[in-house]
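New to this one? Have a look at the sequence and the structure first, and then we'll go through the main features together.

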Amino acid sequence: RLMGPSTPVAAAVYSGASRVTTADSRGLVHRWDLSKPEEKELVCHLPSEFVCAALSADATLLAHADHDGFVTVTELATGEPLFRRPNGADRTVALAFSNDRRLLAGTTDDGVVQLRDGKTGEVIHSTSTTPGQVQALALSPDGAELASASFTNRIIRIDVENKAEHRSIEKLAARVTDLAYSPDGKLLAAACADGATRIFTVASGAQTHVLRDKPFPVWQIQFD
């Protein structure tokens, strides 16, 4: 258990070598050594508060959306922005990198999902996936598939190259709060508000496991 400030954690990633990087909603980014959980290193302090945030898999980039309607990607080594792009009238409520950082997915509070170039922030594709606010996003390790979930208890999977919906997962037993692909891209995990994490095969969409610890919402998940 890593104890930092009482500010909510907006993003966290395990980057190997017993290190975890976290970003809280005030713009504070810390790196933790799991062998010394009482200690933490301040990586950078960004000037704006976040609506939402996402860390790249290697913990070198932080994407965040602010209350002014901008999406920014910051290089954590320097604290300098790689890009800062306006998002229009709607607020960005979820973000996710592809493993290679080539793509950044984001969704607005009216259910529109945008795919951006991870280096420039240019919008490559925009689509409305489902009625209602999208709660969770994930890009497969190869960047070929985008998964999104909203209050409708449905996971929508989009073929990134063809920009087409395929093999969606219907009628989940609880609201999805986070999504994650396994490193080999064969499994998709869904963290749920009923305290369960549900595992699905990517090829068929079939549920294989339900992992349940406590009857409290699971807010974030990551495969090792």
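## A pair to start with

Which residue in S19 is the bridge partner of alanine 189? It's isoleucine 199. Before going further, keep in mind that this is a predicted model.

That pair sits where S18 meets strand S19 (residues 196-201): 5 bridges join the two, and they run antiparallel. Both strands belong to an open sheet of 4 strands, ordered S17-S18-S19-S20, with antiparallel pairing. At its edges you'll find S17 and strand S20 (207-212), each of which pairs on one side only. Going from one strand to the next, the twist averages 20°.

## The chain as a whole

Step back and count the elements: there are 20 strands and 0 helices. The radius of gyration is 17 Å, close to the 17 Å that the globule rule gives for 224 residues, so the chain is as compact as a globular protein of that length. Along the principal axes, the C-alpha trace spans about 40 × 40 × 30 Å.

How much of the chain is tucked away? Of the 224 residues, 47% are buried. The accessible surface comes to about 11,000 Å², and carbon and sulfur atoms hold 50% of it. As for contacts with a separation of 6 or more, 34% come from residues 24 or more positions apart.

## Another open sheet

Now find the open sheet with the order S9-S10-S11-S12, which has 4 strands and antiparallel pairing. Why do strand S9 (92-97) and strand S12 (123-128) each have one side without a neighbour in the sheet? They stand at the edges with a single partner strand each, so nothing in the sheet flanks the other side. Here the twist from one strand to the next averages 20°.

In the middle of that order, strand S10 (residues 103-108) pairs with strand S11 (residues 112-117) in the antiparallel sense, over 5 bridges. If you want one spot to zoom in on, try threonine 107, which stands opposite valine 113 in S11.

## A hairpin with a covered strand

S13 and S14 form a hairpin, with 5 residues between them. In the turn, glycine 143 has a positive phi of about 75°. The two strands pair in the antiparallel sense over 5 bridges, and leucine 139 has leucine 146 in S14 as its bridge partner. S13 is mostly covered, with 5 of its 6 residues buried.

## The largest nonpolar core

The largest nonpolar core has 16 residues, and the ones touching the most other members are Ile155, Leu172, Val176, Leu179, Leu188 and Ala190. Some elements you've already met turn up again here: strand S13 (134-139), strand S14 (145-150), strand S17 (176-181) and strand S18 (187-192) each give two or more residues to this core.

Take isoleucine 155 as a guide. Leaving aside neighbours within four places in sequence, isoleucine 155 is in contact with several residues, including Ala147, Ser148, Ala149, Ser168, Ile169 and Phe200. Leu172, Val176, Leu179, Leu188 and Ala190 are also among its contacts.

## A loop proline

Last stop: where is proline 37? You'll find proline 37 in the loop between strand S3 (28-33) and strand S4 (40-45). Its relative accessibility is 31%, so proline 37 counts as partly exposed. Leucine 137 is 100 residues away from proline 37 along the chain, and their C-alpha atoms are separated by 29 Å.

Conventions:
Residues numbered from 1 in each chain as written. Predicted model: local features only at pLDDT ≥ 70, side-chain atom pairs only at ≥ 80, totals over all residues. Heavy atoms only, no water. Core = buried A, V, L, I, M, F, W, Y, C linked by side-chain atoms within 4.5 Å. Buried < 20%, exposed > 50% of the residue type's maximum accessible area, 1.4 Å probe, protein only. Contact = heavy atoms within 4.5 Å. Pairing = 2+ DSSP bridges. Axes fitted to C-alpha atoms, helices over the stretch in contact; angles between N-to-C directions. Rg over C-alpha atoms; globule rule 2.2 N^0.38 Å. Areas by Shrake-Rupley, 256 points an atom, 1.4 Å probe, with all protein chains shown as cover.
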